[in-house]
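Biologist: Please give me a close look at one part of this model and then work outwards from that part. Which residues lie nearest the centre of the largest pocket?

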Amino acid sequence: MPDNRSITEIEFTDFTLFSDITIPFARHINIISGETSVGKTNIMKALYSYGKTINEVNDLLDPISVERISEMITSKFLGVFRPDERKIGRLVKRNRGRGTAICKITFDKDHDIKLSFSNLAVKNIKLEGYQPIENWPRFVYIPAKEIISSTENFSALYENYHIAFEETYYDLSKLLLLPTRKGPLNSNQKKLIKTLEKIIDGKVTLESQKFYLKTKGLGNIEMGLLAEGYRKISTLLQLISNETLDENTILFWDEPESNINPKMIPALKEMLVALAQMGVQIFITTHSYFLQQELSLFAQYNNENNLDIRFITLYPEEGNINFESQKLISDLLHNPIQQEFMDLYNREQELFYDHT
């Protein structure tokens, strides 16, 4: 497997819900879970906002100053988190008096950066530690709701009107519309495309910026007429086909199991594993007991390539957010998903015996 640049750690001080927390990450697959409103998505959004901005900096024809990069990072944070009044200071943890949020991101291969801003800040994030990096990975964020069925109109609407969507949807829409590159795909990409096309029994096609599922005998079916689970798989297919997802990609996927039939969870697990084996570093949030268990069973019994996998759970503790990280889901002491599953089973047993 390729050994590309990856995110190894994030540290928050007074950022959104976090008072003081440092979370290490796995090289291949990170599964983040926890109760509602403990900051799962905030972790991914912070990592993505920085990394995606550097993608945009690297796409510029001429070099720019660190001050200008800081302005671009601020703009991305505002677009992704969408705080009220577009004030970056609203992302500081709410405390009395003046406060400062700090976000430190550690990458392997000699790149550590620090972002900081006060609760009085309007549009300025202070950036420390930035340096130009060769072969910077592509950062991709797949939100919980699909966008592939609306790409022909979404980008233009987002660019010209104020619509209540996070910038992650706009970024993904642009990536989906990228044309396929010249030259053959590598063997890993071809294999994964073949697997995904078998699941949805068709190929994804793009005509006049509108996506279709091309099937045998039924012709082109509009994406909007497909089940959302098929749209999510089609999204992955397109991103692999146009080589947005390759060995030098860091993928953030918010609740991949959302609106997917539980029967498709094993296939979803296989997709994530195949992407990791291809070299992609993956971050997902999940509320799915089934997805947790599928990935944990793989980690325990089928991980022949020794993928680095971590189950991370966030939980409130004495007014703060803490975390736990383990290689297997069964080793977690704090797992509200598994706990609710067991509570449901116990309630079912009680009801059964009360009525017999």
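Modeller: Arg86, Tyr158, Tyr161, His162 and Glu167 lie nearest the centre of the largest pocket, whose lining has 17 residues. The elements that contribute two or more residues to this lining are α2, α3 and α4. The model is a predicted one, in which local features need pLDDT of at least 70 and side-chain atom pairs count only at pLDDT 80 or more, while totals for chains, interfaces and linings use all residues. Residues are numbered from 1 along each chain as its sequence is written, and side-chain values use heavy atoms, with hydrogens and water left out.

Some terms first. Helices (H or I, at least four residues) and strands (E, at least two) are DSSP runs, numbered from the N terminus. Pockets and cavities are found on a 1 Å grid over the protein atoms alone: a cavity is a set of points where a 1.4 Å probe fits but cannot get out, a pocket is an open set with protein on both sides within 12 Å along at least five of seven lines, and lining residues have an atom within 4 Å of a point. Grid points are joined across faces, edges and corners, and a volume is the space filled by probe spheres set on the points.

The volume of the largest pocket is about 400 Å³. Its lining comprises 7 nonpolar, 2 polar and 8 charged residues (Ala, Val, Leu, Ile, Met, Phe, Trp, Tyr, Cys and Pro count as nonpolar, Asp, Glu, Lys and Arg as charged, and the others, Gly among them, as polar). With 4 residues, α4 gives the most to this lining.

Helix α4 (residues 167–176) is largely enclosed by the rest of the structure, because 9 of its 10 residues are buried (buried means under 20% relative accessible area, exposed over 50%, and partly exposed in between, with a 1.4 Å probe and protein chains only). The buried residues are Glu167, Thr168, Tyr169, Tyr170, Asp171, Leu172, Ser173, Leu175 and Leu176. They pack against α1, α2 (66–81), β7, α3 (151–160), β9 (210–215) and α6 (228–241), where contact means heavy atoms within 4.5 Å.

Leu172 of α4 also appears in the lining of the largest cavity, together with Ile142, Pro143, Lys145, Glu146, Ile147, Lys232 and Thr235. That cavity has a volume of about 30 Å³, and the count of cavities of 30 Å³ or more is 1. Its lining divides into 4 nonpolar, 1 polar and 3 charged residues.

Two of the partners of α4, namely β7 and β9, lead to the sheets. Strands of a sheet pair through backbone hydrogen bonds, either parallel or antiparallel; here two strands pair if DSSP finds at least two bridges between them.

β7 belongs to an open sheet of 6 strands in the order β7-β11-β12-β3-β13-β14, with mixed pairing. β7 (138–142) and β14 (320–326) are the edge strands, each pairing on one side only. From one strand to the next, the twist averages 15 degrees; axes are lines fitted to C-alpha atoms, for helices over the stretch in contact, and angles run from 0 to 180 degrees between N-to-C directions. Inside the sheet, β3 (29–34) and β12 (281–285) are parallel and share 4 bridges, with isoleucine 32 opposite threonine 285 in β12. Helix α1 (40–58), another partner of α4, packs on this sheet and touches β3, β7, β11 (249–254), β12 and β13 (309–317), its direction making about 140 degrees with that of β7. At the other edge, β13 and β14 run antiparallel and are joined by 7 bridges. Tyrosine 315 has asparagine 322 in β14 as its bridge partner. In their hairpin, which has 2 residues between the strands, glutamate 318 takes a positive phi near 50 degrees.

β9 belongs to an open sheet of 3 strands with antiparallel pairing, in the order β8-β9-β10. Its edge strands, β8 (203–207) and β10, each pair on one side only, and the twist averages 40 degrees from one strand to the next. β9 and β10 (219–222) share 4 bridges; threonine 215 stands opposite glycine 219, and tyrosine 212 opposite glutamate 222. The two strands form a hairpin with 3 residues between them, and glycine 217 in the turn has a positive phi of about 85 degrees.
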